[in-house]
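Reader: Before we begin, could you take me through the reading of a model such as this one, feature by feature?

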Amino acid sequence: MSEPKPSVLFVCVHNAGRSQMAAAFLDHLSRGGVEVRSAGSAPADSVNPAAVASMAEVGIDLSARTPAVLTTEAVRASDVVVTMGCGDTCPVFPGKRYLDWQLDDPAGRDTDAIRPIRDAIEQHVRDLLAELGVQAAP
């Protein structure tokens, strides 16, 4: 019987920028080797258009994604919870691995300003894949 694939939840306040980009990178780079979720403590109505444009530049389409509300079920179902600026609003459960990635919030920024954030997220995701023992796509 094969090992169950690891599951990762990305959380930020609005689930409109950082967590959406991180989830998309993890899904893309793991080629289905990781169960990926993202959510926000106070989700926005839509994904940040500049984040969508920034990800399109690297061949990842966020245009159909919608922000989701953070639920305790999503946290319980995840092996690793990666927070990005949600502060104390993220529920904490014993036995879960928590990471906090310090990244600038892309809200209100243009595509030029989001590129370095996007690139930092990609590097964090690649590092996480290595820690999880999942081979990343080139």
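Author: What follows is a short dialogue on confidence, a helix, a helix pair and two residues.

Author: This is a predicted model, in which local features need pLDDT of at least 70 and side-chain atom pairs count only at pLDDT 80 or more, while totals for chains, interfaces and linings use all residues. Residues are numbered from 1 along each chain as its sequence is written, and side-chain values use heavy atoms, with hydrogens and water left out.

Reader: What average pLDDT does the protein chain have, and which element has the lowest mean?

Author: pLDDT is the predictor's confidence in each residue, from 0 to 100. The protein chain averages 92, and 93% of the residues score at least 70; among its elements, helix α3 (residues 72–76) has the lowest mean, 91, and α2 the highest, 98.

Reader: How many of the residues of α1 are buried?

Author: Helices (H or I, at least four residues) and strands (E, at least two) are DSSP runs, numbered from the N terminus, and buried means under 20% relative accessible area, exposed over 50%, partly exposed in between (1.4 Å probe, protein chains only). In α1, eleven of the 13 residues are buried, so the helix is largely enclosed by the rest of the structure. Its buried residues, including Met21, Phe25 and Leu29, pack against β1 (7–12), β2 (35–40), α2 (49–56) and α4 (111–132), where contact means heavy atoms within 4.5 Å. Just after α1, Arg31 takes a positive phi of about 50°.

Reader: At what angle do the axes of α2 and α4 cross?

Author: Two packed helices are described by the angle between their axes and the distance between the axes. Axes are lines fitted to C-alpha atoms, for helices over the stretch in contact, and angles run from 0 to 180 degrees between N-to-C directions. Here the axes of α2 and α4 come within 9 Å and cross at roughly 65°. On the α2 side, Ala50, Ala51, Ala53, Ser54 and Met55 meet Thr111, Ile114, Arg115 and Arg118 in α4.

Reader: Is Ser54 buried or exposed?

Author: Ser54 is buried, with a relative accessible area of 0%, and, not counting residues up to four places away in sequence, it touches Thr111, Ile114, Arg115 and Arg118.

Reader: Where is Trp101 placed, and which residues does Trp101 touch?

Author: Trp101 is in the loop between β4 (97–100) and α4, and at 7% relative accessibility it counts as buried. Leaving aside residues up to four places away in sequence, Trp101 touches Phe10, Ala22, Val82, Thr83, Met84, His124, Val125 and Leu128. Of these, Thr83 is 18 residues from Trp101 in sequence and 6.2 Å from it in space, C-alpha to C-alpha.
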